[in-house]
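Please work through the exercises below with the sequence and the model side by side. Try each task on your own before you read the solution under it.

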Amino acid sequence: MNNQAFWSYRPTTMAPNVMITTPHYLASQAGMKVLQEGGNAVEAAIAAASTIGVVYPHMNGIGGDNFWLIYNSSDKELKGLNSSGRSGEYATIDFYKKQGMKKIPARGPLGANTVPGAVAGWEKAFDYSAERMKGSISWQDLLQSAIHYAKDGSPVTPSQEYWTNINLDETNNQFRNLQRFSEFKKIFTKTSGFSYHTGEIMKQKDLAITLEGLSKEGSRLFYQGEVAKVIAEDLQYNGGLLTYDDFVSHRSDWVKPLSVDYRGYGVYNLPPNTQGFASLSILNILNQFDVPEIEEGSADYYHLLIEATKLAFEDRDQYLTDPDFSHIPLDELLSLKRGMELAAQIDFTKPINLQKQLDPKGDTVWLGVVDQYGNAVSLIQSIYHEFGSGFIPKDTGIVLQNRGSFFSLDENHVNCLLPKKRTYHTLNPAMVFKGGEPYLVYGTMGGEGQPQTQAALVTRILDYHMPIQAAIEAPRWLYGRTWGAESNSVKIEGRVPNEITESLRKRGHQVEIVEDFTDVMGHAGVIKIDPDSNIKFGGADPRGDGAALGF
């Protein structure tokens with residue numbers, strides 16, 4: 001074991017009663033306030049999720065989707081909630097092809113072709129908490145922190161400044177130049193036309209008004225009320241597709257979580273249309289190896305996890321879409337037999353060639369909460385690319401997601417665009433159970449990186465017994481491509497020793513060295529619950545702006 005593996009820049013946060021971790025300290029604080037007032041994990045998650053949609057607006061917000069794992073300690077039940085939106089009734093392959101398009105635009109009104117599900121997810125979880133988890137905090141109170149930061153402003157983070165500047169590139173109309181959308185320019189740039197600087201206060205007055213309305217009227221305002229009408233009208237005026245009826249017909253669904261056994265632990269994730277089964281498939285493959293006997297951080301360690309990822313992604317990309325439109329043989333894909341078949345394909349001397357170019361983006365927030373009553377929440381929320389579609393309906397402050405740009409315009413593709421269909425989703429929150437109780441609540445942002453980082457966290461914590469914060473901070477890798485790149489490569493943080501990266505190159509990996517702590521690797525978080533002492537151990541990622549807080 002590398003002694004360095006036990007070391008971390010930050011200490012692991014420890015507390016006897018509750019723990020929350022999010023990628024923004026103001027969101028962690030909003031959730032903590034609810035917990036200190038006696039609120040439960042779901043209520044704290046809603047306060048944190050609504051706040052982070054304001055203070056981390058480039059990564060998520062009410063114009064996006066969310067997915068939940070909720071453990072109810074009194075019922076001893078783990079529930080999944082899929083609150084992703086479906087494509088509009090007029091969203092067809094033919095519509096885009098008639099406009100001469102070979103793929104759905106990433107930005108603008110035509111990229112925003114799915115209904116945002118986030119607000120409906122908060123409310124469905126809130127209603128469940130009130131009915132089944134003795135929820136005691138009012139809906140209106142849970143949104144007050146978000147309203148405050150929207151109305152009075154919050155300091156811009158380095159992450160927001162960085163991603164705003166990247167998206168002001170006037171030479172790239174396909175993915176950037178977001179200031180061409182008047183509402184984006186009004187909200188996210190100063191009168192000079194430049195981004196706000198780190199530490200400057202940015203107010204979102206329109207969003208504050210929208211959130212105040214939601215606090216009084218609930219999700220009805222967003223899906224049946226004035227906000228739904230304004231979004232649909234402005235989209236259509238600008239050539240978009242979503243209709244008022246698309247919003248009215250939105251529904252979020254309770255789903256049964258998927259699970260695999262990993263060395264005696266139960267690992268849980270969400271079913272399709274999320275890539276949760278890919279995250280579980282990687283662990284199913286790793287289960288066939290004696291991972292603790294392979295040195296953590298060695299070339300063999302990275303090679304094994306990269307190869308397991310490729311094999312899991314091949315299965316994922318063959319099948320993943322909305323299960324209402326296509327049969328997905330999950331029992332077979334997550335079977336012991338399949339794990340053994342895939343593991344047998346791994347050769348430690350050379351890499352597998354994965355032809356498919358992996359999607360380079362997926363900016364998201366993950367947050368976790370464990371309360372004093374034993375309830376737990378793993379929640380992920382996203383607008384897909386940073387700043388989503390870039391399109392903000394007039395005077396609403398709502399950045400609409402571009403998740404539907406991931407649909408294919410090839411009618412033979414498993415994830416082809418059809419009306420009222422949910423697209424393949426990278427979002428997948430996770431939990432590990434030990435002895436029938438939550439043991440790890442964990443997740444990360446980062447599209448294709450989510451299953452890879454989840455595997456890193458699980459192996460480092462369960463196989464190598466690393467402290468929580470050290471496991472989060474340890475060097476990470478990402479197999480995939482970056483914008484504009486023609487092929488996948490292994491991006492690996494610069495802290496990994498030269499001899500390790502050279503060993504990977506000699507085996508045939510295309511290795512790309514990136515910054516020591518880059519947010520390309522996502523913002524991960526973990527809460528561990530000690531089953532004997534009930535102490536909560538929380539960690540937040542220094543690659544983000546988060547904090548793990550407890551009491």
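The exercises that follow treat single residues, ring pairs, cavities and backbone angles in turn.

This is a predicted model, in which local features need pLDDT of at least 70 and side-chain atom pairs count only at pLDDT 80 or more, while totals for chains, interfaces and linings use all residues. Residues are numbered from 1 along each chain as its sequence is written, and side-chain values use heavy atoms, with hydrogens and water left out.

**Exercise 1. Describe the surroundings of Thr-423.**

Step 1: Start with the place in the chain, which is the loop between strand S11 (376–384) and strand S12 (430–434); helices (H or I, at least four residues) and strands (E, at least two) are DSSP runs, numbered from the N terminus.

Step 2: Turn to accessibility, where buried means under 20% relative accessible area, exposed over 50%, and partly exposed in between (1.4 Å probe, protein chains only). Thr-423 has a relative accessible area of 2%, and is therefore buried.

Step 3: List the neighbours, taking contact as heavy atoms within 4.5 Å. Leaving aside residues up to four places away in sequence, Thr-423 touches Asn-273, Arg-403, Phe-406, Phe-407 and Asn-415.

Step 4: Look for a polar contact, that is, a pair of N or O atoms within 3.5 Å; within protein, one must be able to donate a hydrogen and the other to accept it, and residues adjacent in sequence count only if both atoms are side-chain atoms. The side chains of Thr-423 and Asn-415 make such a contact at 3.1 Å.

**Exercise 2. Find how the rings of Tyr-301 and Tyr-302 are arranged, and then examine the pair of Tyr-384 and Phe-406.**

Step 1: Apply the rule that rings of Phe, Tyr and Trp (its six-membered ring) pair if their centres lie within 6.5 Å, and that planes under 30 degrees apart count as stacked, over 60 as edge-to-face and the rest as tilted. The structure holds 23 aromatic pairs by this rule.

Step 2: In the pair of Tyr-301 and Tyr-302, the ring centres are 5.6 Å apart and the planes stand at 65°, so the arrangement is edge-to-face. Tyr-301 is buried at 1% relative accessibility, and Tyr-302 is buried at 2%.

Step 3: Tyr-384 and Phe-406 also form an edge-to-face pair, with 6.1 Å from centre to centre and 80° between the planes. Because Tyr-384 lies in strand S11 and Phe-406 in the loop between S11 and S12, this pair ties together parts that are 22 residues apart in sequence.

Step 4: Finally, follow the ring pairs that link Tyr-301, Tyr-302, Tyr-464 and Trp-477 into a cluster.

**Exercise 3. How many cavities of 30 Å³ or more are there, and which residues line the second largest cavity?**

Step 1: Rolling a probe the size of a water molecule over the atoms shows where empty space is left. On a 1 Å grid over the protein atoms alone, a cavity is a set of points where a 1.4 Å probe fits but cannot get out, and lining residues have an atom within 4 Å of a point. Grid points are joined across faces, edges and corners, and a volume is the space filled by probe spheres set on the points.

Step 2: The count comes to three cavities of 30 Å³ or more, and the largest holds about 60 Å³ of space.

Step 3: The second largest cavity has a volume of about 50 Å³, and its lining consists of Thr-21, Thr-22, Pro-23, Trp-366, His-523, Ala-524, Gly-525, Ala-540, Asp-541 and Gly-546. Strand S2 (19–22) and strand S17 (524–529) are the elements that give two or more residues to this lining.

Step 4: Sort the residues, counting Ala, Val, Leu, Ile, Met, Phe, Trp, Tyr, Cys and Pro as nonpolar, Asp, Glu, Lys and Arg as charged, and the others, Gly among them, as polar. The lining of the second largest cavity then divides into four nonpolar, five polar and one charged, whereas that of the largest cavity has five nonpolar, six polar and no charged.

**Exercise 4. Examine the backbone at Asn-273, Asn-177 and Phe-387.**

Step 1: Asn-273, in the loop between strand S9 (265–269) and helix H13 (276–286), is joined to Pro-272 by a cis peptide bond with omega of about 20°.

Step 2: Asn-177, in the loop between H7 and H8, has a positive phi of about 55° although it is not a glycine. Asn-177 counts as buried, at 11% relative accessibility.

Step 3: Phe-387, in the loop between S11 and S12, has a positive phi near 65° and is likewise not a glycine. At 0% relative accessibility, Phe-387 counts as buried.

Note on methods:
1 Å grid on protein atoms, 1.4 Å probe; cavity = no way out; pocket = protein on both sides within 12 Å on 5 of 7 lines; lining within 4 Å.
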